[in-house]
Amino acid sequence: NVVPRIATVEFATSCFAQTIVQNKEMKGLKLMGPAVYYLTNPIFAMVSVYLVCASVVYGLVPLANKFGVHFNPKAKRQKATRAAIEKLSMCLEPLLPGLGLTW
């Protein structure tokens with residue numbers, strides 16, 4: 001086998017373009033394979049990074065917040081404040097009506 005198992009992208013895409021186009025008159029199409037790859041690779045990379053980030057921001061973080069996992073200090077403080085207010089209200093509820101107060 002003349003072709004190594006690991007080939008460069010340019011070599012692999014030009015070979016693939018050559019197998020697709022068997023016409024001898026269109027020799028320039030052999031160079032179109034690497035050109036298409038080098039032009040579309042950054043676009044695909046940007047789109048995939050955007051999709052991964054969007055899925056984390058709009059999917060993973062809200063799902064984790066729903067199950068009580070928070071990723072920022074403000075949310076952790078709010079959770080601690082709610083827990084403290086709930087505990088305080090449970091302790092003060094029996095005492096407030098005797099003093100004429102409500103929660």
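Y37 is partly exposed, because its relative accessible area of 29% lies between the 20% limit for buried residues and the 50% limit for exposed ones. The model is a predicted one, and the values given here are computed from it. The neighbour of Y37 in the aromatic pairing is Y38, which is also partly exposed, with a relative accessible area of 47%. The structure holds one aromatic pair. Y37 and Y38 form that pair in an edge-to-face arrangement, with the ring centres 5.3 Å apart and 70 degrees between the planes. The angle counts as edge-to-face because it is over 60 degrees.

Y37 also leads to helix α1. T13 touches Y37, along with G33 and P34, when residues up to four places away in sequence are not counted. T13 lies in helix α1, which covers residues 9-20. With a relative accessibility of 17%, T13 counts as buried, because this value is under 20%.

Helix α2 runs over residues 32-66, and V47 is found in it. V47 is partly exposed, at a relative accessible area of 42%. This residue contributes to a nonpolar surface patch of about 550 Å², made by V47 together with I43, M46, Y50 and L51. V47 can belong to such a patch because its 42% is over the 30% that patch residues need.

The next stop is the loop between α2 and α3, where H70 has its place. Is H70 buried or exposed? H70 is buried, because its relative accessible area of 17% is under the 20% cut-off. The side chain of H70 makes a polar contact with the side chain of N65, at 3.3 Å. N65 appears again among the residues in contact with H70 once neighbours within four places in sequence are left aside; the others are A75, K76 and K79.

Helix α3 spans residues 73-92 and includes T81. T81 is partly exposed, with a relative accessible area of 43%, because that value falls between 20% and 50%. What does the side chain of T81 reach? The side chain of T81 reaches the backbone oxygen of R77, at 2.8 Å.

Two threonines have thus been placed along the way: T13 in helix α1, where T13 is buried, and T81 in helix α3, where T81 is partly exposed.

Note on methods: Residues are numbered from 1 along each chain as its sequence is written. This is a predicted model: local features need pLDDT of at least 70, side-chain atom pairs count only at pLDDT 80 or more; totals for chains, interfaces and linings use all residues. Side-chain values use heavy atoms; hydrogens and water are left out. Helices (H or I, at least four residues) and strands (E, at least two) are DSSP runs, numbered from the N terminus. Buried means under 20% relative accessible area, exposed over 50%, partly exposed in between (1.4 Å probe, protein chains only). Contact means heavy atoms within 4.5 Å. Patches are made of residues with over 30% relative accessible area and no salt bridge: like charges are joined within 9 Å, nonpolar side chains (Val, Leu, Ile, Met, Phe, Trp, Tyr) within 5 Å. Accessible areas come from the Shrake-Rupley method with a 1.4 Å probe; for residues, only the protein chains shown count as cover. A salt bridge is a side-chain nitrogen of Lys or Arg within 4 Å of a carboxyl oxygen of Asp or Glu. Rings of Phe, Tyr and Trp (its six-membered ring) pair if their centres lie within 6.5 Å; planes under 30 degrees apart count as stacked, over 60 as edge-to-face and the rest as tilted. A polar contact is a pair of N or O atoms within 3.5 Å; within protein, one must be able to donate a hydrogen and the other to accept it, and residues adjacent in sequence count only if both atoms are side-chain atoms.
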